[in-house]
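Please explain how this protein is put together, moving from its sheets to its helices and loops. A guided reading in running paragraphs would be most helpful.

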Amino acid sequence: MLSRICRRTIQKEIRCFSKGLEHMPGGVVNSEKFREIYTPTDSIDGYYEKVRKPRERIDPTKRAVNYLVLGTMRMFYVTFGRMAILRFIQYWSAAADVLAMATTEVELDKIPLGTTYVAKFRGSPVFVSHRGPADIEAARADDNAELRDPETDAERCPNPEWMIALAVCTHFGCVPIAGAGGWGGYFCPCHGSHYDKAGRIRKGPAPENLHIPEYKFLDANTLLIGNE
Ligand code: FES
């Protein structure tokens, strides 16, 4: 504010001074040099007048700036919203490796009689046990035994030669050992759960039988675990 007042005062002084000198014949202001140097403007040195924006180009509403600020903010909102939606969808989608394993095929002729193959299905291990006649007989003999989670062998193994169950203990989720335990089926060493040859819980803290995933036999030699 003070500088503006000073500037105006100086301008006024110069104008008065020039006006006074103009009328003096042969004065300084009538010289070529003075005319070359001095240009009457609103500012002291005239530089501001040269570089300032023409008045007709000044928009008092500052519409362009407002549009720029609003547009930039909206661009950020849209980008943020888009990223949030994408992240949400990605978070709830199954991982690519899990999707790739939505179903698992097992070649049965590679599993010898009396052994268990551990397949991987949707990130979890699955027992595929090839049972012999003695195993089937032992499992069926216990259909009427006192069971914590009663199920018959035929219900659990429609194809008696093959016992298929998730290799995840129903107590706290450890992976049991096949062909071990008091009933020769599966044994969980974490807290000592014994499952028989049909995967039924017989002893220990596990509350349920081993869970059976969805599966089907595509042909005599191919087992498909999971839903297509
Ligand atoms: S997790 Fe298997 S017995 Fe506890």
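**A guided reading of the fold**

In this predicted model, three strands form an open sheet, arranged in the order β2-β3-β4 with antiparallel pairing. At the edges stand β2 (116-121) and β4 (162-166); each has a single partner strand, so one side of each is left without a neighbour in the sheet. From one strand to the next, the twist averages 25°. As background, the strands of a sheet pair through backbone hydrogen bonds, in either a parallel or an antiparallel manner.

The pairing of β3 with β4 can be followed in detail. Strand β3 comprises residues 124-130, and five bridges join β3 to β4, the two running antiparallel. Within this pairing, Val126 stands opposite Leu166 of β4. On the other side of the sheet order, the loop between β2 and β3 contains Arg122. Although Arg122 is not a glycine, its phi is positive, at about 50°. Arg122 has 18 other C-beta atoms within 10 Å; a residue is buried at 20 or more and exposed at 12 or fewer, so Arg122 is classed as partly exposed.

Beyond β4, the chain enters the loop between β4 and β5 (177-178), where Gly173 lies. Is Gly173 buried or exposed? Gly173 counts as exposed, because it has 11 C-beta neighbours inside 10 Å. Gly173 can also be related to a residue further along the chain: Cys190 is 17 residues away in sequence, and the C-alpha atoms of Gly173 and Cys190 are 9.2 Å apart in space.

A further open sheet is formed by four strands in the order β5-β6-β7-β8, again with antiparallel pairing. Its edge strands are β5 and β8 (201-203), each of which pairs on one side only. Strand β6 covers residues 186-188, and two bridges join β5 to β6 in an antiparallel arrangement. One residue pair that illustrates this contact is Ala178 with its bridge partner Tyr186 in β6.

The next pairing to consider involves β9 and β10. Strand β9 (residues 215-219) and strand β10 (residues 222-225) run antiparallel and are joined by four bridges. A hairpin connects β9 to β10 through two residues. Across this pairing, Phe217 stands opposite Leu223 of β10.

Attention may now turn to the helical part of the chain. Helix α4 (residues 63-92) contains 30 residues, and the distance from its first C-alpha to its last is 43 Å, close to the 44 Å expected at 1.5 Å a residue. How many of the residues of α4 are buried? The number is zero of 30, so α4 lies largely in the open.

The loop between α3 (47-51) and α4 contains Lys62. Lys62 is not a glycine, yet it has a positive phi of about 50°. With 11 other C-beta atoms within 10 Å, Lys62 is exposed, because the limit for that class is 12 or fewer.

These elements may finally be placed in the context of the whole chain. The protein has seven helices and ten strands. Of its 228 residues, 19% count as buried. Among contacts between residues at least 6 apart in sequence, 47% join residues at least 24 apart.

Technical notes: Residues are numbered from 1 along each chain as its sequence is written. This is a predicted model: local features need pLDDT of at least 70, side-chain atom pairs count only at pLDDT 80 or more; totals for chains, interfaces and linings use all residues. The expected span of a helix is 1.5 Å times one less than its number of residues. Two strands pair if DSSP finds at least two bridges between them. Axes are lines fitted to C-alpha atoms, for helices over the stretch in contact, and angles run from 0 to 180 degrees between N-to-C directions. Two residues are in contact if their C-beta atoms, placed from the backbone, lie within 7 Å.
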